[in-house]
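Here's a quick look at how some helices and a sheet fit together. Have the viewer open as you read.

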Amino acid sequence: MSAAPQPHATGQSVAAGYKAHLSRGRGKLGEMFGGHVEVSSAGSRVRTADGQDFLNAGGYGVFLTGACHPRVVAAVERQIRTLPLATRLLLEPSAARAAAALAAVCPAGLERVHFTGSGAEAVETALKMARSLGHRRVIATHGGYHGKTLGALSVTGKPLYQDPFRPLLPLVSHVPYGDSAALAAELGPDGSDAVVILEPVQGEAGVVIPPDGYLKEVADVCRATGALFVLDEIQTGMGRLGAWWGADREAVRPDILLAGKSLSGGVIPVAAAIATEKAFAVFDRDPFIHTSTFSAAPVAMAAAEAAIDVIRDEGLTERAAELGRVLLGRLRGSLTEHCGHLVREVRGVGLLIGVEFHDAGTAGEFLLELLDRRVIVNHSLNAHTVVRFTPPAVLGDAEADELSEAVDGAARALGGRFPRTDDTNKEQLSCER
């Protein structure tokens with residue numbers, strides 16, 4: 001790869017601002033990625049200060065409906081002009097509408113909604129619901145990612161992020177992901193004091209897909225032992241996996257379902273914990289026991305309701321399933337042909353696709369090659385060898401071709417720079433999924 005270009009003057013100025021007031025490390029990271037400064041976005045495109053146009057296949061799963069979807073923007077603009085924030089004393093209709101819309105697309109029985117401003121806050125909400133019912137022992141999974149606030153960090157399965165902030169919540173343990181027998185052993189015969197939290201597909205762990213039937217087995221174990229079951233679908237839900245929820249793929253109903261990212265419509269941050277009546281009981285009894293000034297802010301409720309309408313009306317869950325199959329096949333083909341000796345596996349469900357390399361350095365080179373080709377993707381916070389693709393479901397056929405061609409070019413470049421030798425790891429690209 002050629003030497004990184006010098007950042008545009010705007011990039012230099014913004015990086016200096018990051019270093020001075022936000023995070024020195026984040027500023028340096030931005031410079032390493034070329035110093036690009038995003039200034040506008042629409043659909044699957046991102047425009048930078050120097051006039052360059054990028055295809056956005058990243059955004060950590062937020063942009064299922066693309067950026068600035070006209071219907072979401074229009075709903076938010078209407079709300080801003082009338083009542084962007086509420087008094088929190090009087091009743092407010094946009095919250096009731098958004099909650100009803102969200103409950104309507106969730107598995108049957110999940111009818112109570114608590115809105116939050118972020119996914120991590122939704123996790124905190126679920127943990128407090130569990131404690132209110134006596135479920136104080138928490139079981140999560142190795143590699144799971146649930147956020148970095150204190151409670152969410154306690155169940156995030158990565159010591160790298162946990163160790164600087166110990167002691168964390170007590171009575172938290174982690175079991176191997178995808179292993180329902182290990183979960184059953186950890187719960188024991190009586191899990192009535194426990195809550196289990198996990199993802200239907202682990203996103204930040206590098207798109208780790210469990211064995212078929214795993215979620216149903218987890219639900220069955222929780223039901224048999226009396227444990228509460230929390231399914232974190234902050235990244236996977238709202239159509240990302242080619243269904244409304246990962247839970248739907250195995251006809252599972254957790255006690256608490258967590259939503260976020262795509263719920264924002266790519267416009268306003270919003271997340272939610274959606275619960276059964278039993279799990280939500282303490283919030284029903286006392287509406288002030290768990291509150292936040294900006295919870296269910298009308299402007300966020302407008303975005304959430306519009307996002308749900310767009311996903312349903314435009315068939316974006318079906319589009320995610322179809323487009324995901326196409327892109328997964330193309331990515332596997334290009335990577336197998338041009339640099340299969342560098343890649344351990346390409347895997348995905350819907351529009352959550354991971355490319356796992358044998359080492360983190362090669363993963364970083366692949367990300368930079370794609371940036372050179374004006375494609376934005378993401379690394380994985382809990383798996384530095386995995387590059388993730390989370391393109392929007394509004395991606396057109398021509399843009400899907402553009403993404404495929406960029407991956408093909410990046411794979412060619414890596415294969416040329418790091419050719420196979422006698423010492424190269426001979427493990428071949430896995431195409432099992």
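Helix 13 passes helix 14 in a right-handed crossing, the near helix being turned clockwise from the far one by less than a right angle. The pair packs at about 135 degrees, with axes 9 Å apart; axes are lines fitted to C-alpha atoms over the stretch in contact, and angles run from 0 to 180 degrees between N-to-C directions. That makes helix 13 oblique to helix 14 (under 35 degrees is roughly parallel, over 145 roughly antiparallel, 65 to 115 roughly perpendicular, the rest oblique).

This is a predicted model, where local features need pLDDT of at least 70, side-chain atom pairs count only at pLDDT 80 or more, and totals for chains, interfaces and linings use all residues. Numbering starts from 1 along each chain as its sequence is written, and side-chain values use heavy atoms, leaving out hydrogens and water.

Who touches whom (contact means heavy atoms within 4.5 Å)?

| Helix | Residues | Contact residues |
|---|---|---|
| Helix 13 | 360-372 | T362, E365, F366, E369, L370 |
| Helix 14 | 397-417 | A406, V407, A410, A411, A413, L414, R417 |

Now the sheet: an open one of 4 strands, in the order 11-12-15-14 with antiparallel pairing (two strands pair if DSSP finds at least two bridges between them). Helices (H or I, at least four residues) and strands (E, at least two) are DSSP runs, numbered from the N terminus. Strand 11 (343-349) and strand 14 (378-380) are at the edges, each with a single partner strand, so one side of each has no neighbour in the sheet. Helix 13 lies across strand 12, strand 14 and strand 15, at about 30 degrees to strand 15.

Notes
Contact means heavy atoms within 4.5 Å.
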